[in-house]
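User: I'd like to learn how to read a fold from its strands, helices and cysteines. Can you walk me through this one?

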Amino acid sequence: MKTIAIIPARMGSSRFPGKPLAQLLGRSMLEHVYQRIALSQSLSATYIATCDEEIRQAATAFGATVIMTSDRHERASDRIAEAVMHIDADLIVMVQGDEPMTHPAMIDAAVAPFHNDSGLECVNLTKRIDDEADFRSPNTIKVVMDQQGNALYMTRQPIPTLAPGGFGATVAYKQVCIIPFTRACLIAYSQLPPTPLEKLESIDMLRLLEHGHQVRMIETRFDTQAVDTQADLARVAKLMADDPLLAQYQKP
């Protein structure tokens, strides 16, 4: 299956305006994401989808191929669905532009299940939450799963209910925003009407779940930190400072 990645990016984030071009260790956060996922051996190509000319210019300057999209999209998944209309691909991996700690092996892990299960439509990575502040933060999307690893629900609220022993005795997971779709699923997603819980939680995957589609969750060993605030950016800078992956895409 021909597999590509698309990074949706826009300047108008309500929590952190201009976030994609925020500087992180000498380059924009968007460039870190692009360069890191482009190292994946599973991808034929990597694109950036945006409605902002400022992002187009910056991304073109660091060598990315950019697809311009409508400025009316509320969901990142709708943005990449528009972008993929111009591309021939079987699997489309959406990678959020605010995950600069993404590792290329995470892409490989997310797409691997499609090679063994022809019925899969969409996969998300997930990671056990090891910090109670993240568990309680509305910026962390929590997920609960069935016994087959399919998502039952995603929310910004702290779920599941804490075990009697407290957070340390509770198994809780977060969504990690590397999301492969089959082409058919992505196009279908863009044609489905937005759903009440999707709007309430502001979580793309709830549209699929509320319309009866399965989302398979695959656990990753890599820990990441999404950037939703300036404080997150400072935290990520410290975490990435000694990352050996940086050397693989540093400019001469």
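User: Let's start with strand pairing. What is the bridge partner of A5 in β6?

Analyst: This is a predicted model, so take what follows as a reading of a prediction. To read pairing, go residue by residue across two strands: A5 has V93 as its bridge partner in β6. Then step back to the strands themselves: β1 (residues 3-9) and β6 (residues 91-95) run parallel, paired over 4 bridges.

User: What order do the strands of the sheet have?

Analyst: Read across the sheet rather than along the chain. Here the order is β5-β4-β1-β6-β11, an open sheet of 5 strands with mixed pairing. The edges are β5 (65-68) and β11 (178-182): each has a single partner strand, so one side of each lacks a neighbour in the sheet. On average, neighbouring strands are turned by 30° against each other, ignoring direction.

User: And the helices? Which strands does α2 touch?

Analyst: For a helix on a sheet, look at the contacts, then at the angle. Helix α2 (residues 53-61) packs on the sheet and touches β1, β4 (45-50) and β5. Its direction makes about 165° with that of β5. Now take helix α6 (residues 183-191), which lies across β6 and β11 and runs at about 95° to β11.

User: Now a loop residue. Is S70 buried or exposed?

Analyst: Place the residue first, then check its accessibility and its contacts. S70 sits in the loop between β5 and α3 (76-84). It counts as buried because its relative accessibility is 14%, and the cut-off for buried is under 20%. Leaving aside residues up to four places away in sequence, S70 touches C51, R79 and E82. A polar atom of the S70 side chain also lies 3.0 Å from the backbone nitrogen of R72.

User: Last one, the cysteines. How many disulfides does the count come to?

Analyst: The check is the distance between sulfurs, with a cut-off of 2.5 Å. By that rule the count is 0 disulfides. C122 is in none, and the nearest cysteine sulfur, that of C185, is 5.3 Å away.

User: Why is C177 not bonded to C122?

Analyst: Because the C177 sulfur is 11 Å from the one in C122, its closest cysteine sulfur, and that is too far for a bond.

User: What relative accessible area do those two cysteines have?

Analyst: Read accessibility separately from bonding. C122 has a relative accessible area of 0% and is buried; C177 is buried too, at 13%.

Conventions:
Residues are numbered from 1 along each chain as its sequence is written. This is a predicted model: local features need pLDDT of at least 70, side-chain atom pairs count only at pLDDT 80 or more; totals for chains, interfaces and linings use all residues. Side-chain values use heavy atoms; hydrogens and water are left out. Two strands pair if DSSP finds at least two bridges between them. Axes are lines fitted to C-alpha atoms, for helices over the stretch in contact, and angles run from 0 to 180 degrees between N-to-C directions. Contact means heavy atoms within 4.5 Å. Buried means under 20% relative accessible area, exposed over 50%, partly exposed in between (1.4 Å probe, protein chains only). A polar contact is a pair of N or O atoms within 3.5 Å; within protein, one must be able to donate a hydrogen and the other to accept it, and residues adjacent in sequence count only if both atoms are side-chain atoms.
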